[in-house]
2 protein chains.
Amino acid sequence: MHSMVKQQKDQPQVGPGVKPRGRPRSFDRATALEKAVMAFWEHGYEATSVSDLTRVMGIGAPSLYAAFGDKRSLFEEAVRVYGGTYGSFSGRALEEGPTARAAVERLLREAAAEFTDPGHPYGCLVIHAATNCTTPEVEDALRRQRNANVSAIESRVRADAATGELPPDTDAVALARHAAAVFQGMSQQARDGASREELEGVAEIAMAVWPRAGTHAG
Amino acid sequence: MHSMVKQQKDQPQVGPGVKPRGRPRSFDRATALEKAVMAFWEHGYEATSVSDLTRVMGIGAPSLYAAFGDKRSLFEEAVRVYGGTYGSFSGRALEEGPTARAAVERLLREAAAEFTDPGHPYGCLVIHAATNCTTPEVEDALRRQRNANVSAIESRVRADAATGELPPDTDAVALARHAAAVFQGMSQQARDGASREELEGVAEIAMAVWPRAGTHAG
DNA sequence: CAAATTCCGTAGCGGTCGCTACAGAAAAGA
DNA sequence: TCTTTTCTGTAGCGACCGCTACGGAATTTG
């Protein structure tokens, strides 16, 4: 006997003509999930208790566990929702920017606005929601995500150094890590009360480190 | 009757000739406190339980409470110890640097070494040990400390802009916040596994934003 | 010695944690 | 209507949380 995997019926994949069998869910799953995103974003994984979640999501604990598995699965799904919405600007900036410099400039400028948007918690969920975690897997998952972002910046810098858009002796690792450090520091300062304008000033200053095209370092 | 304040006999202020009355403490207070610093540094305030503390400190819970008050008081004392030892480099760099630029350069370069020292947990306790805290007072205390550091950098920049060491139109707030953001981002990246050399590269890159003496911005 | 004072180890307090057993309610299928 | 399926609310599980009452141990004072 192989172990049974609990059937997940969370995301209906069948057409709209087929109705599920039993009593229908009395709440909107996406709306409840969005509330969980906000709670985790503001207070982090550990400091957000299941009773906190059931309160803000407006459902009972059994409904939460039936719809989302357990607290950790709910958090992972909340991280995915965040990455596809509030946090998607960073991936877009890095993909769509015409050059590494333009991509990072857009990344930092949009971060200044996003991190201080009064419509949701300050800063970046990926940076802050799983620090000091008693569940190391949760902490590691977001750490990997942060390090992947550093690598993404580095790849763009390295590509521009290869094409001549940046000087060939550019230190791609240091330039990328600097951009990432400014990004992460901006998130921290947003949490500490910095304004959008202050963070835009940081972003502008940070862009001064980029070598100009046609200028070689040293 | 006004409320009695519990007599604290933790730090003996009398001369060495006077012996305390009852049974002497069977552990060294400073050594135990140092262990608590390490535990809070690595796992943060909330994720470090009292039983974690009693284990690493090698004492029972009643001894901990008798010697340090409660968990929060112990944490506050640990933060003070940290600020006077591992974290003291930042204050020294900002005070002793001959110019704002030299002070920040030393700050960042020493941070690269300190944040990655394998002899203790990575990164900065003040930045990481009280995030996502269910006790907002604890979180706020370290937030104030971080914002005070930003202000300290800003003061040094402003002073140099006044003397002409930096251009008079220098944006002191942005320059200081950028330095602080890099500092905080370096701490985050140290926690995420960055090496000393990588962080030194970040520090070097970050210093490129500073206007040279005799050069005016715009 | 005895008395007084202070510390330590055991053991456990009330509270919250993540999670779930259970029974009733609400829907579809027969 | 009756059965089947699924969801919901109550109520509570064992584990851990921060913290402490209590009695015995260790030390100074008289």
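This is a walk through a predicted model, from the overall make-up of chain A down to single helices and loop residues in chains A and B.

Let's start with the big picture. Chain A is built from 10 helices and zero strands, so reading from the N terminus you meet one α element after another, α-α-α-α-α-α-α-α-α-α. Of its 218 residues, 49% count as buried. The accessible surface of chain A is about 11200 Å², and carbon and sulfur atoms hold 53% of that. If you like thinking in contact maps, take the contacts between residues at least 6 apart in sequence: in chain A, 68% of them join residues at least 24 apart.

Now zoom in on helix 6 of chain A, which covers residues 100-115. With 16 residues, helix 6 reaches 22 Å from its first C-alpha to its last, close to the 22 Å expected at 1.5 Å a residue. Which residues of this helix are buried? The list is A100(A), R101(A), A103(A), V104(A), L107(A), L108(A), A111(A), A112(A), E114(A) and F115(A). When you look at the spacing in a list like that, remember that an α-helix has 3.6 residues a turn, so residues three or four places apart point the same way. And what covers those buried residues? The cover includes helix 1 (29-43), helix 5 (88-96), helix 8 (136-163), helix 9 (172-191) and helix 10 (196-207) of chain A.

One of those partners, helix 10, deserves a closer look. The axes of helix 6 and helix 10 of chain A are 8 Å apart, and the two pack at an angle of about 165°. Angles over 145 degrees count as roughly antiparallel, which is why helix 6 and helix 10 of chain A get that description. Their crossing is right-handed. On the helix 6 side, the contact is made by R101(A), V104(A), E105(A), L108(A), R109(A), A112(A), A113(A) and F115(A). Helix 10 answers with R196(A), L199(A), E200(A), A203(A), E204(A), A206(A) and M207(A). Several names come back from the buried list of helix 6, among them R101(A), V104(A) and L108(A).

Over in chain B, helix 1 (residues 29-43) and helix 2 (residues 50-57) make another pair to look at. Their axes are 9 Å apart and they pack at an angle of about 130°, so helix 1 and helix 2 of chain B are oblique to each other. This crossing, too, is right-handed. Helix 1 of chain B brings A32(B), L33(B), K35(B), A36(B), A39(B) and F40(B) to the contact, while helix 2 of chain B brings L53(B), V56(B) and M57(B).

Both of these helices turn up again around helix 4 of chain B. Helix 4 of chain B runs over residues 71-84; its 14 residues should span 20 Å at 1.5 Å a residue, and its end C-alpha atoms are indeed 20 Å apart. Buried in helix 4 of chain B are K71(B), L74(B), F75(B), E77(B), A78(B), V79(B) and Y82(B). These residues pack against helix 1, helix 2, helix 3 (61-68), helix 5 (88-96), helix 7 and helix 8 of chain B.

The loops have their own points of interest. Take the one between helix 7 (125-128) and helix 8 of chain A, where N132(A) is found. N132(A) has a positive phi of about 55° although it is not a glycine. Is N132(A) buried or exposed? Its relative accessibility is 8%, and the cut-off for buried is under 20%, so N132(A) counts as buried. In chain B, N132(B) is found in the loop between helix 7 (125-128) and helix 8 (136-163). N132(B) also has a positive phi of about 55° without being a glycine, and with a relative accessible area of 9% it is buried.

A130(A) sits in the loop between helix 7 and helix 8 of chain A as well. At 1% relative accessibility, A130(A) counts as buried. Beyond its neighbours within four places in sequence, A130(A) is in contact with F75(A), V138(A), E139(A) and L142(A). The C-alpha of A130(A) is also 5.7 Å from that of Y45(A), 85 residues apart along the chain.

For contrast, finish at G58(A), in the loop between helix 2 (50-57) and helix 3 (61-68) of chain A. Its relative accessibility is 61%, so G58(A) counts as exposed. G58(A) and A32(A) are 26 residues apart in sequence, with 7.4 Å between their C-alpha atoms.

Note on methods: Residues numbered from 1 in each chain as written. Chains lettered and ligands numbered in written order. Predicted model: local features only at pLDDT ≥ 70, side-chain atom pairs only at ≥ 80, totals over all residues. Heavy atoms only, no water. Helix = DSSP H or I, 4+ residues; strand = E, 2+ residues; numbered from the N terminus. Buried < 20%, exposed > 50% of the residue type's maximum accessible area, 1.4 Å probe, protein only. Contact = heavy atoms within 4.5 Å. Areas by Shrake-Rupley, 256 points an atom, 1.4 Å probe, with all protein chains shown as cover. Expected span 1.5 Å × (residues − 1). Axes fitted to C-alpha atoms, helices over the stretch in contact; angles between N-to-C directions. Parallel < 35°, antiparallel > 145°, perpendicular 65-115°, else oblique. Left-handed = near helix turned anticlockwise from the far one by under 90°.
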